[in-house]
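Student: I am new to this structure. Please show me how to read its features.
Tutor: Gladly. Take a look, then ask away.

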Amino acid sequence: MIRDLTPSQPLPRSLAPLPDEILPGYLMRLAHRAGTTVDEIAHRAGLRGPRARNPMPLGYLHTLDETRLQALAETTRLTPTEARSLLLGPLAARYGPLDPHYTRRATPVRVINNNPWVWTTTWRYCPQCLAGDPDDAIQQLHGGAWRRHWRLPPVFSCLTHRRLLLHLCPGCHTLVATAGMIDRADEDDLPPTQCRRRGCGTQLADPQGHAEPGLDAPTWRALDRLQRRFASVLSPSAPPTVRSTGWPIPAAQYFMDLRTVTALTLLSWPAARPLCATPLLAQVLDVEAAWRQHAYERLLRGAMKHSSQAFLRPAVDALA
């Protein structure tokens, strides 16, 4: 156990970030390797105050100011570029809902807060990715990467393992979610890939993968084709523009348009039902649209100002 940590002192040993790893996942793996708590690592890296009432703000998922970025890099023995790669902000060039220009929000913190098109406290995952590379001793000890792209709702499947991402714990059957950036950050030696809900602790990593829903071959081909399309638009090496309804538009705008189309589809359902790629996907959206309409009416009866959120939020379930 590391005690009496002071900010900006390099850790005795660190971890190299895994490809596409996100900051909370990296901190959990690093704390597990050091035999300490996430809170102590975060305090030493200048990401939180010394008391539990000063948790890490969700805005740190998106961007760190230069002082905090430098402190994180020095503490973890990373380069500033490696430290920055743990954040969602660099994805904004391709994904409009992360970009203050497209969201019309003044600061990166506001981009993250109350933004339904970025998963901040909901964690989707691929159990086989979390199991890590079987040939990498460090990953076998501390797990694979919690990926940044899993925080983007249009990323609904793992192209490596050809499976849908999960959002429920197979043990307690509840959302894999946190109240803040990381739950139980004050407890030491928690495996980075286990459910952090108190009383559960189910291991989410599974080299073989959990049971998949019964998808017919045409449905899987349609989903795979769509995910590869989204992945190509999100790729930093792709052209800066993409064609949408026959027009070249910035990649970031593409996902803003997708957000609008999704809301209109749910709002006007079943008008778009004949456009579904397969009967199974039509049935899935029948259920999703009915639930959205029910949620909208419930919010309306409660005189809620933002009842339209029932149609604007993406589905957490990957198939929907």
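Student: How much space lies in the second largest pocket?
Tutor: Keep in mind that this is a predicted model. Read a pocket by its volume, then by its lining. Here the second largest pocket holds about 450 Å³ of space. Its lining has 20 residues, and the closest to its centre are Asp-20, His-149, Val-155, Ala-231 and Leu-234.

Student: Which elements each supply at least two residues of that lining?
Tutor: Go from residues to the elements that carry them. For the second largest pocket, β1 (157–158) and α9 each supply at least two lining residues. Helix α9 gives the most, with three residues.

Student: How does the lining of the second largest pocket divide by class?
Tutor: Sort the residues into nonpolar, polar and charged. The second largest pocket has eleven nonpolar, five polar and four charged residues in its lining.

Student: What is the volume of the largest pocket?
Tutor: The largest pocket has a volume of about 1200 Å³. It is lined by 36 residues, and those closest to its centre are Leu-226, Phe-230, Leu-258, Thr-262 and Leu-285.

Student: Which helix gives the largest share of that lining?
Tutor: Start with the contributors. Helices α9 (217–234), α10 (251–268) and α11 (279–301) each supply at least two residues of the largest pocket's lining. The largest share, seven residues, comes from α10. By class, the lining of the largest pocket divides into 25 nonpolar, four polar and seven charged residues.

Student: Now the cavities. How many cavities of 30 Å³ or more are there?
Tutor: A cavity differs from a pocket in one way: a probe fits inside a cavity but cannot get out, whereas a pocket is open. The count here is two cavities of 30 Å³ or more. The largest cavity holds about 40 Å³ of space, and the second largest cavity about 30 Å³.

Student: Which residues line the largest cavity?
Tutor: Its lining is made of Met-28, Ala-31, His-32, Thr-36, Val-38, Glu-187, Asp-189, Leu-190 and Arg-196. Helix α1 (residues 23–34) gives the most to this lining, with three residues. By class there are four nonpolar, two polar and three charged residues around the largest cavity.

Student: And what lines the second largest cavity?
Tutor: Leu-91, Arg-94, His-149, Leu-152 and Leu-234 line the second largest cavity. Three are nonpolar, one is polar and one is charged. Two names should sound familiar. His-149 and Leu-234 are also among the residues closest to the centre of the second largest pocket.

Student: Let me try a helix. Which residues of α3 are buried?
Tutor: Look for side positions with little accessible area; the cut-off for buried is under 20% relative accessible area. In helix α3 (residues 66–76), Leu-69, Ala-71, Leu-72, Ala-73, Thr-75 and Thr-76 are buried. These buried residues pack against α1, α2 (38–44) and α4 (80–84).

Student: What caps the N-terminal end of α3?
Tutor: Check the ends of a helix as well as its body. Asp-65 is the cap: one of its side-chain oxygens lies 3.1 Å from the backbone nitrogen of Thr-67. After α3 comes Arg-77, with a positive phi near 60 degrees.

Student: Last, the strands. How many bridges join β3 to β4?
Tutor: For a strand pair, read the bridges, the direction and the turn. Four bridges join β3 (residues 241–244) to β4 (residues 247–250), and the two strands run antiparallel. Val-242 stands opposite Ile-249 in β4. The two strands form a hairpin with two residues between them. In the turn, Thr-245 has a positive phi of about 50 degrees.

Key. Residues numbered from 1 in each chain as written. Predicted model: local features only at pLDDT ≥ 70, side-chain atom pairs only at ≥ 80, totals over all residues. Heavy atoms only, no water. 1 Å grid on protein atoms, 1.4 Å probe; cavity = no way out; pocket = protein on both sides within 12 Å on 5 of 7 lines; lining within 4 Å. Points joined across faces, edges and corners; volume = space filled by probe spheres on them. Nonpolar A, V, L, I, M, F, W, Y, C, P; charged D, E, K, R; others polar. Buried < 20%, exposed > 50% of the residue type's maximum accessible area, 1.4 Å probe, protein only. Contact = heavy atoms within 4.5 Å. Polar contact = N/O pair within 3.5 Å; in protein donor to acceptor, adjacent residues only side chain to side chain. Pairing = 2+ DSSP bridges.
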